[in-house]
Amino acid sequence: MCPGRDIAVAVHEMRAGHPPLLELVKDATRAASGSSPAPGPSTPGLPEPDDEGPLYVARRKIYPQRVKGTYRTIKWIVLLVTLGIYYGLPFLRWDRGPNAPDQAVLIDFPNSRFYFFFIEIWPQEVYYVTGLLILAAMALFLMNAVAGRVWCGYLCPQTVWTDLFQAIERRIEGDRREHLQRDREPWTLDRLARSGLKHFLWLMVAWWTGGAWVLYFADAPTLVKELATFEAPLIAYMWIGILTFTTYALAGHMREQVCLYMCPWPRIQAALTDEYALNVTYRYDRGEPRGSMKKNAALRARGERAGDCIDCYQCVYVCPTGVDIRNGPDLGCIQCGLCIDACDAVMAKVGRPPRLIAYDTDLNVKRRQSGEQPEFKIVRMRTIFYAAIIAAVAGVMLYALAIRRSEAISVIHDRNPLFVRLSDGELRNAFTVRILNKSLERRSFVLTVDGLADIDLKVVGDAVTTGRTATISVGPDQTYELRALVSTYSQLPSAASVPLTFSITDAKTGERASAVDHFRGP
Ligand code: SF4
Ligand code: SF4
């Protein structure tokens, strides 16, 4: 078994302050039945529910069974919404006025811009991206604190695409039983045709996934035309090829192996969880001792206690990662809730209450066992902490956006030489000045340098200079870089470093921005 699972279980049990869940399940069974439960039958196509094993076991193909229910419906809705956004967003238009792209979400590498609806991020404002990453991480932590691996079960791209690929597979190869049967049979024309169609459709989805990705980096309708007429840049075809291959391999073939062996999140998540996080939990206090309907009926007839679990394995058959949740927390469990739907259907058929498997905590199972009321603590220190960080970071970002200026200036002193003494005794420093015009119209800026009594400013290029000011015209949504030569006859102390303020003022609106550097002397 993977060591991550041991870590997950160990951390979980340590925090919950009770022995491993599997032992509790066994204890509950023994206590109720007075005997050791026989291990469940080996399930074709599913890993054995062993606790021990090698670090890596060869993959046994999983044939997840179709299931209906609340969580399956939620998963379909999430799948449709997330894939709809991913495939459709590049075609959504957003009018930013003339001289600006009208694609709502665009990563414009050639012009170093990121457009997100009304927000336009320049390279100098990469801190917005940092803020977004912090928000994403905190949202993930919050989700984990509230409902465990809800990200993995519903929103992770690996889960969403695997779900889609499995839906295609089920449509063509049939549900679990039919697919298992077909895989046992020798290759026939029908089997070959079905397999060929399945892989073709998988490749089409994968290809469209790669195609949608590149549309975020250029004007989507234009790029689609260029791709169709083979006039698109080579890099676009390369990325489509790479993403077609990875989507096909990860969602079509590797599936749960990605979650078990490649993804770091289950390991991190195990260290971040606590005993109050809701997880898909088998309520062993209610389910044990498990047994067939007949056996349980006989037990009840004798006045003995029988669990609600009829050991039908439906919860295991529907699991996309092949987990038997009745064995306790498992690194392979992505908390998708499909086993809840499967078990609820079984409970309805046998006339028992639903939610033998439910989003719950082991702590609550123990509390019920000892006759106490279950406790659900969604609002607690860690959820408040994560929510507070999210609110603070979002607040800072919104404030920064609200006061965001449409002009900016940055100044860099020449590294070498730091100063030059001219033949008439004048001292000169050279600077690289960058003026940013973030608005969508051409603007005239007056550049002023202050800090020394007598300053002579010269700008290399087509600016108009007078004394310590220069007038510079900057095109819409552009950056203008210039060399500024600042000279003075003032007597400076030895090794002087006098602060200089470079300011730009919009000649029309009076909007202003400034930056500080230093004038160096001998
Ligand atoms: S579906 Fe429910 S009743 Fe059937 S094995 Fe799973 S937990 Fe037991
Ligand atoms: S055990 Fe249940 S919740 Fe976990 S992955 Fe399997 S079906 Fe989903």
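## Odd bonds, a pocket and two ligands

Author: Look in the loop between β6 (407-413) and β7 (420-421), and you will find P417 there. By the way, this is a predicted model.

Reader: What makes the peptide bond between N416 and P417 cis?

Author: Its omega: the angle is about 0°, so this bond counts as cis. Most peptide bonds are trans, so a cis one is worth pointing out.

Reader: Where is P289, and what is the peptide bond from E288 to P289 like?

Author: P289 sits in the loop between α13 (284-287) and α14 (293-301). The bond leading from E288 into P289 is cis too, with omega near 0°.

Reader: What makes the phi of F117 stand out?

Author: Most residues other than glycine have a negative phi. F117 is not a glycine, yet its phi is positive, about 50°. You can find F117 in the loop between β2 and β3. R355 goes against the general trend as well, with a positive phi of about 65° although it is no glycine either. Its place is the loop between α16 and β5 (357-360).

Reader: Why is the lining of the largest pocket called nonpolar or charged?

Author: Go by residue class: Val, Leu, Ile, Phe and Tyr, for example, count as nonpolar. The lining divides into 25 nonpolar residues, one polar and no charged, so "nonpolar" fits it well. The pocket holds a volume of about 1100 Å³. Closest to its centre, out of 26 lining residues, are I85, L89, V105, F116 and Y216. Among the elements that give two or more residues to this lining are α3 (70-88), β1 (105-108), α6 (157-173) and α18 (381-402).

Reader: How many cavities are there, and what is the second largest cavity lined with?

Author: Searching the whole structure turns up six cavities of 30 Å³ or more. The second largest has about 120 Å³ of space, so it clears that 30 Å³ cut-off. Its lining is mixed: four nonpolar, five polar and four charged residues. Helix α6 gives the most, with five residues. Of the 13 lining residues, Q158, T159, T162, P320 and I334 are the closest to the centre.

Reader: How do you know that α4 and α12 are in contact?

Author: Contact needs heavy atoms within 4.5 Å. L140, F141 and N144 of α4 meet W265, Q269 and L272 of α12 in this way, so the two helices are in contact. Helix α4 (residues 127-147) and helix α12 (residues 265-272) pack at about 60°, and their axes are 10 Å apart. The crossing is right-handed. Four of the contact residues are nonpolar, two are polar and none is charged.

Reader: What makes a residue part of the shell around ligand 1?

Author: One of its heavy atoms has to lie within 4 Å of the ligand. Residues that pass this test include C309, C312, C315, R326 and C343. Two elements, α15 (314-317) and α16 (338-350), give two or more residues to that shell. By class, the shell has nine nonpolar, one polar and two charged residues.

Reader: Which residues are around ligand 2, and how many of the shell are charged?

Author: Among those around ligand 2 are C319, C333, C336, C339 and G337. Cys counts as nonpolar but Gly as polar, so G337 goes with the polar residues of this shell. The full division is nine nonpolar, three polar and no charged.

Key: Residues numbered from 1 in each chain as written. Chains lettered and ligands numbered in written order. Predicted model: local features only at pLDDT ≥ 70, side-chain atom pairs only at ≥ 80, totals over all residues. Heavy atoms only, no water. Helix = DSSP H or I, 4+ residues; strand = E, 2+ residues; numbered from the N terminus. Axes fitted to C-alpha atoms, helices over the stretch in contact; angles between N-to-C directions. Left-handed = near helix turned anticlockwise from the far one by under 90°. 1 Å grid on protein atoms, 1.4 Å probe; cavity = no way out; pocket = protein on both sides within 12 Å on 5 of 7 lines; lining within 4 Å.
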